[in-house]
Amino acid sequence: MASADLLRREEEFYSSLFDSAKGDGVRSRSQLIERKIEALEDMATKVSNRRSRRWMNDRLLIELVPRLHVEEIKGLFAPPPWGEELPLSAFCRTSVGEWDAFRSIDMDAEARLMQRIKISSEKPRTHVDEDESIALNAWRRIDRQTRESIKRNFLPNLLEIYEERVRAFIEDTSDKDVLVLNVQDPFQRLLLHGVCEFYNVTSTTTSSVRDGKPWKTTTIKKRPGTGIPSRITLVSFLRMKKTGSQH
């Protein structure tokens, strides 16, 4: 049959291609490939059977694909576990003695160590939380209108001046029980009242006339509940709120 003859001819070309001597040059091998492709193309045009034609086309495609080298075949199965070896983990790189000491640690000793670390890390944070809580309560003592004014027009330098005067007055252990400040600007006087409320002292402004002009005098006094000033100043507290450290 014609198909059997074509198969025999294809097998002869196939064997001649791959059974060639190892010493053949690249040019000889390329010539054989070209000859076989030409023969396959010629046979494919003469075969009418669909199955045989499909077989011929498959063989033609195989010849058009170059043979893979070992590294190329290996790359088809990458990544690991088929391709390159897995990198060593940190535990594998650790010396046996160090790893054994870590693995064989006494559970009670481990629990005591973790407890000490937890306590040491919580102490500073607890101290900070207490200071923030005191500052937050002091901030809430200020009336809402004054708080909004302080936040809307934040003047840290002026507030720090008022805070220094008020804190020094509170910490003064002498018999001085009154602090008098003369602040004529209405907004600055509002800030002073806010600072006084933050430190839990009373502030009262009175009007008088000096040299024919209105004169404002603010009198600041300690309250029975006035205690040691907060570690966190008003300016520091407002900066914390601005950066999101305190909500």
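This report walks through the fold, the helix packing, the salt bridges and a few individual residues of the chain above.

The model is predicted, so local features need pLDDT of at least 70 and side-chain atom pairs count only at pLDDT 80 or more, while totals for chains, interfaces and linings use all residues. Residues are numbered from 1 along each chain as its sequence is written, and side-chain values use heavy atoms, with hydrogens and water left out.

**The chain as a whole**

Let us start with the overall layout. The chain holds 11 helices and three strands; here helices (H or I, at least four residues) and strands (E, at least two) are DSSP runs, numbered from the N terminus. Read from the N terminus, the order of elements is α-α-α-α-α-α-α-α-α-β-α-β-β-α. Of the 247 residues, 26% are buried. In this report, buried means under 20% relative accessible area, exposed means over 50%, and partly exposed lies in between (1.4 Å probe, protein chains only).

The accessible surface of the chain is about 18,100 Å², and carbon and sulfur atoms account for 54% of that surface. These areas come from the Shrake-Rupley method with a 1.4 Å probe, and for residues only the protein chains shown count as cover. As for contacts (heavy atoms within 4.5 Å), 64% of those between residues at least 6 apart in sequence join residues at least 24 apart.

**Helices α9 and α11**

Two packed helices are described by the angle between their axes and the distance between the axes. For helix α9 (residues 156-171) and helix α11 (residues 234-243), the angle is about 145 degrees and the axes are 9 Å apart. The axes are lines fitted to C-alpha atoms, for helices over the stretch in contact, and angles run from 0 to 180 degrees between N-to-C directions.

On the α9 side, the contact is made by P156, L159, E160 and E163, which meet L234, V235, L238 and R239 of α11. The residues of this contact are five nonpolar, no polar and three charged. For that tally, Ala, Val, Leu, Ile, Met, Phe, Trp, Tyr, Cys and Pro count as nonpolar, Asp, Glu, Lys and Arg as charged, and the others, Gly among them, as polar.

**Salt bridges**

A salt bridge here is a side-chain nitrogen of Lys or Arg within 4 Å of a carboxyl oxygen of Asp or Glu. By this rule there are three salt bridges, set out below.

| Pair | N to O distance |
|---|---|
| R231 and D131 | 3.8 Å |
| E148 and K151 | 3.6 Å |
| R239 and E160 | 4.0 Å |

The R239 and E160 pair belongs to the helix packing described above: R239 lies in helix α11 and E160 in helix α9, so the pair ties together parts that are 79 residues apart in sequence. R239 is partly exposed at 42% relative accessible area, and E160 is partly exposed at 31%.

R231 and D131 link distant parts of the chain, 100 residues apart, with R231 in the loop between β3 (213-222) and α11 and D131 in helix α7. R231 counts as exposed because its relative accessibility is 62%, whereas D131 is buried at 12%. Also in helix α7 is I134, whose C-alpha atom is 8.6 Å from that of R231, although 97 residues separate the two along the chain.

E148 and K151 form a local pair within helix α8 (residues 144-152), three residues apart, about one turn of the helix. E148 is partly exposed at 35% relative accessible area, as is K151 at 43%.

**A surface patch on α7**

L113, M114 and I117 form a nonpolar surface patch with about 270 Å² of accessible area together. Patches are made of residues with over 30% relative accessible area and no salt bridge, with like charges joined within 9 Å and nonpolar side chains (Val, Leu, Ile, Met, Phe, Trp, Tyr) within 5 Å. I117 sits in helix α7 (residues 107-141) and is partly exposed at 44% relative accessibility.

**Loop residues around β2**

Y199 lies in the loop between α10 (186-198) and β2 (201-210) and is buried, with 5% relative accessible area. Leaving aside residues up to four places away in sequence, the residues that Y199 touches include R141, E163, R167, P229 and L234.

Most residues other than glycine have a negative phi. N200, in the loop between α10 and β2, has a positive phi of about 60 degrees and is buried at 15% relative accessible area. D211, in the loop between β2 and β3, also has a positive phi, near 55 degrees, but D211 is exposed at 75% relative accessibility.
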